[in-house]
Each structure stands twice: as structure tokens, then as C-alpha cells.
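Visitor: Give me a close look at one part of this model, please. Start with the end of a helix, then work outwards from there.

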Amino acid sequence: MTGYRAGLRWLLLPWLLGTLLLVVGPALITAGFAFTRYDALSPPQLAGFAVFRDLWSDVEFRRALVSTLVIVALAVPLRVGGGLLLALLLHRRRRLDAATRAAAYAPSVVPDVAIALVWLWVVNPVYGPIGLITSAFGAGIGAVLLDPAGARLTVVAISVLSLGEGFLVLLAARRELPQPLYDLARTEGAGVLTEFRLVTLPLLAPVLGLLTARDLVVSLQVVMVPTLLLTNGGPLGATKTLPLLAYERGFRELELGDGAAIALLLTLLTGLVVAVQFRLLRRWNRAVAT
Amino acid sequence: MTRGAGTAVRVVLLVVLLLPAALIVTGSLRRLGLPAPSGLELLPADPSLSSYRDLAQRVPVGLLLRNSLVVTGIAVPLTLLVASWAGFALTQLGERQRRFALGAAITLLLVPLPMLWVARFVLYLRLGLLDTLVPLIAPALAATTPFTVLLAYRAFRRIPATQWEAARLEGASAWQTWRRIGLPQVKATTTAIAAIAFVFHWGNYLDALLYAQYEDVRTLPVGLAELIELDASDQPVVFAAAVLLALPALLGLLVVQRTLLSTTDRAAADMD
Amino acid sequence: MTSRLAVEGLGHRHAGSGTWALRDLTLAVEPGQVLAVVGPSGSGKTTLLRLVCGLLRPTEGRVLLDGVDAAAVPPERRPVAMVFQGYALFPHLTVRDNIAFGLAVRRVPRAQRRARVDEVAATLRVDGLLDRLPVELSGGERQRVALARALVRDPRVFCLDEPLSSLDPVLRVEARRALSALLRADGRSAVYVTHDQAEATTVGDQVAVLREGQLEQVATPRELYARPATSFVARFVGTPPMSLLPAAALDVPARADVLVGVRAEDVHVGAGKPYVVREVEEHGHEQLLALDVGGIDLVARVPLVMNVRVGETVLAQVNPVRIRLYDGATGRLLP
């Protein structure tokens, strides 16, 4: 008995250690660094909440906060909604479905550097597709990435196109919903929309909730590198999200304490939104149940 | 929605998603030095591989490729082992331990990456591992993403628990049970995990940017990112770089497509 | 002589829910004997097997193998083999590799492994199937392969969990006979778990009846049939089970809350008091009549030639020597 169970623990150990060493430990330690000023050369100096006070009065930080909120507010609903739409559209075994599923997932496996290279062409005003289409209508566009709104929309578009992970999760979740429920809804004469409202949505709600929470993190993560390469946060900080600012402060300006503090604020903000969202979800669940 | 409309939606989706990809591939075959095309050009009149040759002259493709292959060659098997072992162990450990570990895995999915950067940097700095390939391989120790562990767990859970018990009564150790009974029955999921790990490590630019910028340890994404500064007239070279970087990852997609995205997903995972 | 297998005061509590799956169980199995364990689902049968083979640790009490406490012996070193419900054959391995699995993980040399597998396979008539995969086998063949896998380690005690439940009824009779012989061969012993009381009484030398983790009775099949120790056993064992009626309804002189247990063959139809026939059930050469005794059924076994229809009134009386009396409150057999 002990031999086998001990063996199981040994098998679990590498992941536990790896996670402790590379995820849990670093997250806690970064939280500690958030209260210091540290340049990686001289020992870190404890600064307490002064770091956060300085950040709050920092115009660049405030602008990054706004940019982050705008981009997340646009990207997350589109990503989760798009993933849901695709999953519901493509979950069956029909002609073209397999190919369309693969095509929908494809942008998510393309390395982010390649995505940046491609978007460089997409937004090119002279021979990129957007430029070609608009000029065919006699309008033409300027340099998209030099316009704050254009740059932000580009970032959102990049984020929305890499919705593969959520799509995959929703696809699996949709396939696990029991078919008899749908048959029942059909025999009761429910239309597509009623079916969605009364069967699909309530049953997928827990997954959607978790996915939306995760997407607060992922939607920013997938655009980090393309943004860095395409706009470097510009123009005028329109695409400088908090992860980008954390990178810039921590690793370009070697203000690791600042980088850690921005990361901590981002984490707390995510946690707050997740908490509110789960509370809403629970209330909604109760409302549906009664 | 009628069948016809449904098919139309699929066709539109496919075209929207695949046309740019096709244009990029054909664009990379356009002979260098020609003026930019004045409209949409589906296939260059005189296709050539000159952009790829040019690319090889601008960046040390051999070195970049070698480093990328070293990273993926170690990180992918490592991810597989770590994730598969953990997933296997989780199916048989006590209820409380399982809940804790699965809960932790899901919580970890919600931690923003920037939260790890500074401490990881300091860790690698202290261990003298900055500007080596180690920081690029290290994520595999934590199974690359908790997703791989959850996937492995789901696959092993589909096998009836009496099989583990039967193996154990026959004297098999936990390792032998994983190797001889578990692993051979979850080949589809194992391949999918390998594909996920490959896609991550092949395209991993961020970790290189943060911890491994030294010339000799540059991987393919790092080397090719430098082309961003290129002159616009060299568009075919940019396309060539994108193709070179994306192609292996898209081959990984084919693997995922046959398991995770397939309608026969569950059947496939049970059968193999 | 020490028993081949004994459990003393054995109990197991689920770690999660805290409920007892098995409580204070004491039993013994002698060499060459089969103990059949029977009970409704959730009665703790499978828990008992898992405790005996070591997959579970007892919360209280002990498991003794040949008189030695097995607590310190890991499952793979106990001389106990298990045949799982559904057989738990490894689907990706051939029959040969399934049977040889235990030998392979113990690093028995290849030649020796082959010889042993061939020997066991011949015993169980699966020698023609060695290169097949489990999916290519019939239910009966799978069962024999599972037995072969258990037999290959030469166990002293067999643990079988519903070994016939996935076979069709015709195969079941044949398989049961083959099993009965195999389990007792060479002085081996077996614990045979089933939910089917008829199967238990045919296979077992002793039958233990479990209910909600507690032992109701352990006895020979004959004793179990003749003298059920509790009203639960009376209702559970036998086809048909005993009829249980209040003493007053049958004019048996006893306390008011006493239940009278009557086997169907101990009801004589043709003389006595009149009863209405509520139901007639034909079974081959005989038929069972359900007689209405104050709203409760009294089942009588009569020859098929007796022509009775539902709604008729017949005369019947019970054999007063063969009745059993049960305490209405505790369900215990009264002396």
C-alpha cells in the first residue's frame, strides 16, 4: 500500500516542485519586490507603499491603466462571445466543420512574432489588404498604427483572432451537454434562440464564467509581444497596457521594484474583477434556479 | 437557420481565415527586388525562393534553428512527463489532495504572467542562468501550462479505476502502472499535450526577451523579430520569416485538430 | 487448524463522508472452502474484498491470512488474487500479456513466464486466444482470461467480485460450475461476492449475508435456507423468500409483535382455513400461489396439476413444526 501510494506522490512531485519554483514562489516573491526599489545591481531597498503612491501620481501609469481597461473591455466580450459562437456553430460533425474549426484555432498556434510580422503587412496603407480594400472604394487610409484609435483596434483585433483556447474549452463543454435536453426542447417547440437561452446558456454558464475570468489575463497576454513589436506601446501610450509598462519599467529601465508593483496592481485588479464577476454569476444562477 | 445558410457561414469563415494565410505563403515566393504589387496578387507570376535565401543571409538561421530545436527537444518531452505523471497521480490520490491540486491548477490559470517576471529574473540571475537556454526550457518543469495537467488528468480519469487496482495487485509500482497500463491508453491526449507544448516553446519570444538576449542563445522567434525594422520593399522576406516561424506550429495544429478539435475526440482518446 | 483467511472485528470508514462501509465483521474461510458474500448494493461486499486483498486499510479490526496479521503485508505480496467486477482486463494488451502482466512487472525471466502462462491458459481453456485483444473476446472468454490472470500467481485465496454478472444467463450456469471446481482445487479458498442469493447458495460452502455493512448471518446454504437468523435474511434468501406474517393472522400462539416465517413448501393447500388466491405464478413443474392473509401474502408451492385461478378461494394450513418466529422489533430469530 505505502509503496504504490508513495510512488504516486513521486509522480506528482515534479509538477508540484516546478509549479512552486516557477509560479507560486515567483508570484509571492514578486509581490515582495513590489514594495522595494531594486535595480538588480545593488540590493533592493524597502520603500513600502511609497512605490504605489508614486505610481498613482505617474501620468504614464494612469494612461496605461486606461489603455488596459479599454482594450480588455473591447477584447474580452468579443473573444468569449466569438469563441462561444464558433463553438455552437461548429461543434457537430458536418462537412467543412473540421476544416473551419482548425482554421478558427490556427491563429492561436501561430507564434506571436509571426503574428506581428503578418500584421505589419495587414495594416500597411499601400499594399496591405486594408489599404487595398479602402483605396478600391476611393477612400484610402493613413498609417493605422500611428493613429491611437487605429492602433488600439489593431491590438483588439489581434487579441480577438487568438481566441483558440477559449474556443477549444467551449467546444469540449458544448459536446458534453446531454443531447436529450435538446431533443426535449425541440419536441416542446423551442426555437434556436429559446433553446440557447434555456438550455445552452445556463449549462455553459460555469464554463463561461471561468473562461471570462481567465480571459482578463489571456486577452492581454496574447497581444503583449505583437504590441511590443508593432507599436511599442504607442502612439501616445494608446496601446501601452499594464503588462507592457511592467516590462518597460522592470526590464528596459531596470526599475524591477516598479515592474513588480505594476504586476501586483494588475493581479489585484484581475482578482477584483474576477471576484465581482463570480458574485454576479452566482446571483444569476440563483435567479435562473428559482 | 437553414442548412444552406450554415454552409455559407462556414465558407465565409474559411475564406476570411485562410485567404490571408494563402497570400502570405504566395507572397513569400515573390522574387525580390520587384516593385510591390499594385493589387491583390494570388500567385506571383514568377515564383522563386529568393526571399528565403535573402533571409538566410540577414539572420543566422542555422544558429537560431539549432537553439529552437534544443529548447523544444528538451521542453516538449519534459512537459509530457511532468504533465502526464501529475495527471496520472491525481486520478488516484485521495479526494482532498486531488481537489487541492486541481483547484490550484485552475487558480494558477488566473495569475497574470507579469507577476512572475521580476522574481524569475532574480532567480535566474542568482543561479547564473541568465542568457542561457535554461530560462526558455524551465517552464516545462511546471508542465508549461496547467492546461496540460488538466488534459492528462481528464484522459486518465476515463480509464476505469479497477485497472489501476488490478495492476497494483499484480505487483506493478505506480511508475510501471503509468508506463504499461496508463500511457498506452491515452496516446491521443499525449500527442495533443506534446503539440501544445511544442507550439508554446517554438514560439516563445517573451521569455527570451526577458531572460536570454545574448547573441548565441537567440532562438528563431528572437532572430526573426529583428526583421520588424525591415524596409517595406522587402515584404517577401517578412513573409518568408512568418512562414518559417508559423509552419511548424501549424503542423502542430494538425495534431491538435485530430484529437482536441475532432468530433471523435472522446472516442479517439478511449480507443488508442 | 488455522483458517486460511479470517477477519476479526473488521471495519472500514470512508475517509471523505465518515460513514461506515463495513462494521465489526468476523468471519473465517477454511482451506478448500468458498465463502459466498451476498447482500444488496451498498452492503459492504466489495469493501470486504478490497480489505482482504489490501487495496483498502481497515479502520478497525484485522485481516488474518493463514493465521498471520496481514496489516504489514502490501497487496502485491499477499497470497490473494482478485477478479474484478467487469474483469478489468487491460484493453491494449493481448491475452498473453494480460495474463503475464504480474510476472512481467516482477521481472520473471521470459522463458519461465511463457511456460507459466501456457500452463495456466491450458487449465482455463484460453490457450487458443493468447494473441487476441480483450475486445475480440466473448464475455465467457473474458471471464476465463481474468481468472487466468488471477491464477497465474498461484494464490491461496481468490477474491471474486460479481464474476458472473456480465455473462448471459445460459453461460452463467456453465461458468458457475467450472468456477466452483477451480476455486476449491489444491486447497485454495475463495471469497465470492455476488448480489444474487441463488448464485451465492449454489457456489458457497458458507454464505455470509451483509446488510448496510453489518453481518446478518453466516451459515451453510442449507442452514441459511432452513433457519434464517433474521427476518432480513428470511426475506432475502430463497426463491421464493419466506413469507413473513403477524403471528395473530396465522393463529400462532405468540406475542402480538412476533412475525412468523413460512417457506412456500411448508404451506399445505387442500385442507385448513379458506384463503383467497391473489396471484398465481407458474414455474415449470410447479406453481406459486399468493394467498391473501389479512392483506399480506402467504406464498404456497403447489404442483402444476392443481388447477387454481386468481380470485378463487382455497383451503390451506401451515406446517406448525417448520415455522420460524422472529422478534418484530429486532428481527432476530426467536428460539
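Guide: A helix here is a DSSP run of H or I with at least four residues, and helices are numbered from the N terminus. The model is predicted. Now to the part itself. Helix α1 of chain C covers residues 45-53. This helix is mostly covered, with seven of its nine residues buried. Buried means under 20% relative accessible area. The buried set opens with Lys45(C) and goes on with Thr47(C), Leu48(C) and Leu49(C). Leu51(C), Val52(C) and Cys53(C) complete the set. Then comes the end of the helix. Gly54(C) sits just after α1(C) and has a positive phi of about 95°.

Which other backbone details deserve a look? Stay in chain C. Glu212(C) is not a glycine, yet its phi is positive, at about 50°. Glu212(C) sits in the loop between β9 (206-211) and β10 (214-219). Its relative accessibility is 64%, so Glu212(C) counts as exposed. Further along is a cis peptide bond between Thr239(C) and Pro240(C), with omega of about 0°. Pro240(C) belongs to the loop that links α8 (231-236) with β11 (243-246).

One more loop in chain C. Asp127(C) lies between α3 (110-123) and α4 (139-151). Asp127(C) is partly exposed because its relative accessibility is 45%, and the partly exposed class runs between 20% and 50%. Leaving aside residues up to four places away in sequence, Asp127(C) touches Ala121(C) and Ala122(C). Val145(C) is 18 residues from Asp127(C) along the chain, and their C-alpha atoms are 9.7 Å apart.

Now chain A. Leu254(A) has a positive phi of about 50° and is not a glycine. Leu254(A) sits in the loop between α11 (242-252) and α12. With a relative accessible area of 32%, Leu254(A) is partly exposed. Helix α12 of chain A runs over residues 256-289, and Arg279(A) is found in it. Arg279(A) has a relative accessible area of 59%, so it is exposed. Arg279(A) also joins Arg282(A), Arg283(A) and Arg286(A) in a positive surface patch. On helices generally, an α-helix has 3.6 residues a turn, so residues three or four places apart point the same way.

Buried or exposed: which is Thr100(A)? Thr100(A) is buried because its relative accessible area is 0%. Thr100(A) lies in helix α4 of chain A, residues 97-109. Its contacts lead to chain B. Beyond four places in sequence, Thr100(A) touches Leu90(A), together with Arg10(B), Leu13(B) and Leu14(B).

So much for single residues. Chain B can be taken as a whole. Chain B has 14 helices and zero strands. Its C-alpha atoms fill a box of roughly 75 × 60 × 30 Å along the principal axes. Of its 272 residues, 57% count as buried. Among contacts in chain B with a separation of 6 or more, 75% join residues 24 or more positions apart. The accessible surface of chain B is about 11,400 Å², and carbon and sulfur atoms supply 67% of this area. On charge, chain B carries 22 positive and 17 negative side chains. The centres of these two sets lie 12 Å apart.

Definitions and conventions:
Residues numbered from 1 in each chain as written. Chains lettered and ligands numbered in written order. Predicted model: local features only at pLDDT ≥ 70, side-chain atom pairs only at ≥ 80, totals over all residues. Heavy atoms only, no water. Helix = DSSP H or I, 4+ residues; strand = E, 2+ residues; numbered from the N terminus. Buried < 20%, exposed > 50% of the residue type's maximum accessible area, 1.4 Å probe, protein only. Contact = heavy atoms within 4.5 Å. Patch = residues over 30% accessible without salt bridge, like charges linked within 9 Å, V, L, I, M, F, W, Y side chains within 5 Å. Areas by Shrake-Rupley, 256 points an atom, 1.4 Å probe, with all protein chains shown as cover. Salt bridge = Lys/Arg side-chain N within 4 Å of Asp/Glu carboxyl O. Lys, Arg positive; Asp, Glu negative; His and termini not counted. Charge placed at Lys NZ, Arg CZ, Asp CG, Glu CD.
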